[in-house]
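Trainee: Could we go through this structure together? I would like to practise reading contacts and salt bridges.

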Amino acid sequence: MRVLVIEDDTTLGHALQEFLVEQGYAVDWLADGDQVLGAVAGQSYDLLLLDLNLPGLSGLDILAKLRAAGEQVPVLILTARDGVEDRVAGLDAGADDYVTKPFDLTELAARVRAFGRRRAGQAQPYIEAGPLQFDTVGREVRVNGERLSLSVREISVLEMLMARAGRVVTKRQIVNSLSAWDADFSENAVEVYVYRLRKRLEGTGAGIQTVRGFGYLLDVESAG
């Protein structure tokens with residue numbers, strides 16, 4: 001998937017681009033609303049992440065012009081405007097989804113994956129790894145059909161591991177994902193959440209291995 005991020009906050013725009021590239025997407029980033037229509041005309045995108053408050057054309061103006069021109073590229077609005085009327089205006093203007101700031105990057109990644117599945121014709125919003133099933137919409141993990149009681153942060157860490165089951169996820173990737181709105185989130189915190197997850201996964205047939213010097217790996221074959 002090729003994603004265009006339209007965000008005028010330099011720190012957030014860079015963080016989003018870096019994070020989505022780590023997720024395996026091709027990502028372009030623009031900070032000026034006036035550049036968007038030309039970029040979309042010159043490049044085929046699978047998804048736009050669109051801030052509403054932009055220099056030049058506003059996000060809603062961009063969306064209206066795109067839809068008026070018959071452009072059907074999916075649009076996910078990212079904005080600090082959290083009123084019901086703002087959501088209605090965005091969706092009525094042609095947005096496909098709406099996320100308010102601050103948001104968790106792992107939730108954003110789940111929504112981007114949902115667009116990817118939609119594009120590929122896959123409707124089920126689940127990630128499966130061995131006995132584990134993660135509902136990306138309901139944000140719920142089940143083990144052999146039984147709901148697993150986890151905190152929001154534990155779910156976010158486990159989602160990253162499940163999405164890459166059998167592959168190493170570095171501490172830095174987890175920190176980058178969970179610290180977009182919490183500058184104090186550290187690698188030590190990651191260790192705590194992994195420790196808790198290991199306890200909750202005991203006896204399930206899934207386990208988290210430490211790959212020294214690299215990070216963690218969700219093992220759904222050899223765990224006892």
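Trainee: Which residues does glutamate 159 touch, not counting residues up to four places away in sequence?

Mentor: Glutamate 159 touches Thr106, Ala110, Arg113, Ile127, Phe134, Thr136 and Arg139. A contact here means heavy atoms within 4.5 Å. This is a predicted model, in which local features need pLDDT of at least 70 and side-chain atom pairs count only at pLDDT 80 or more, while totals for chains, interfaces and linings use all residues. Residues are numbered from 1 along each chain as its sequence is written, and side-chain values use heavy atoms, with hydrogens and water left out.

Trainee: Where does glutamate 159 lie?

Mentor: Glutamate 159 lies in helix H6. Helices (H or I, at least four residues) and strands (E, at least two) are DSSP runs, numbered from the N terminus.

Trainee: Is glutamate 159 buried or exposed?

Mentor: Glutamate 159 is buried, because its relative accessible area is 2%. Buried means under 20% relative accessible area, exposed means over 50%, and partly exposed lies in between (1.4 Å probe, protein chains only).

Trainee: Which residue forms a salt bridge with glutamate 159?

Mentor: The partner is arginine 113, and the closest N and O atoms are 2.2 Å apart. A salt bridge is a side-chain nitrogen of Lys or Arg within 4 Å of a carboxyl oxygen of Asp or Glu. Arginine 113 is in helix H5 and glutamate 159 in helix H6, so the pair ties together parts that are 46 residues apart in sequence. Arginine 113 also counts as buried, at 17% relative accessibility.

Trainee: How many salt bridges are there by this rule?

Mentor: The count comes to 13 salt bridges. One of them joins aspartate 96 to arginine 67, with 3.2 Å between the closest N and O atoms. Aspartate 96 lies in the loop between helix H4 (84-92) and strand E5 (97-100), and arginine 67 lies in helix H3 (residues 59-68), so this pair connects parts that are 29 residues apart in sequence.

Trainee: Why does aspartate 96 count as partly exposed?

Mentor: Aspartate 96 counts as partly exposed because its relative accessibility is 37%. Its partner arginine 67 is buried, with a relative accessible area of 19%.

Trainee: And what about aspartate 104 and arginine 153; what do their side chains form?

Mentor: They meet in a salt bridge, at 3.0 Å from N to O. Aspartate 104 is in the loop between E5 and helix H5 (105-120) and arginine 153 is in helix H6 (residues 152-163), so to speak of distant parts of the chain is fair: the two are 49 residues apart. Aspartate 104 is buried, with a relative accessible area of 17%, whereas arginine 153 is partly exposed at 22%.

Trainee: Which residues are joined into one network by salt bridges that share partners?

Mentor: The network joins Glu7, Asp51 and Lys101. Aspartate 51 lies in strand E3 and counts as buried, at 4% relative accessibility. Leaving aside neighbours within four places in sequence, aspartate 51 is in contact with Ile6, Glu7, Asp8, Gly59, Leu78, Thr79 and Lys101.

Trainee: Which feature does UniProt place at Asp51?

Mentor: The UniProt record, an unreviewed entry, places "modified residue: 4-aspartylphosphate" at Asp51. UniProt positions are given in the numbering used here, feature names are shortened, and annotations may be inferred rather than shown by experiment. The record, again unreviewed, also places "domain: Response regulatory" at residues 2-116. In the model, that span is 44% helix and 21% strand, and its end C-alpha atoms lie 10 Å apart.

Trainee: Changing topic, how many helices and strands does the protein chain have?

Mentor: The protein chain has eight helices and twelve strands. Buried residues make up 46% of its 224 residues.

Trainee: Which elements have the lowest and the highest mean pLDDT?

Mentor: Helix H7 (residues 171-178) has the lowest mean, 76, and strand E3 (residues 47-51) the highest, 95. Here pLDDT is the predictor's confidence in each residue, from 0 to 100. The protein chain averages 85, and 91% of the residues score at least 70. Where pLDDT is low, the predicted coordinates should not be read in detail.
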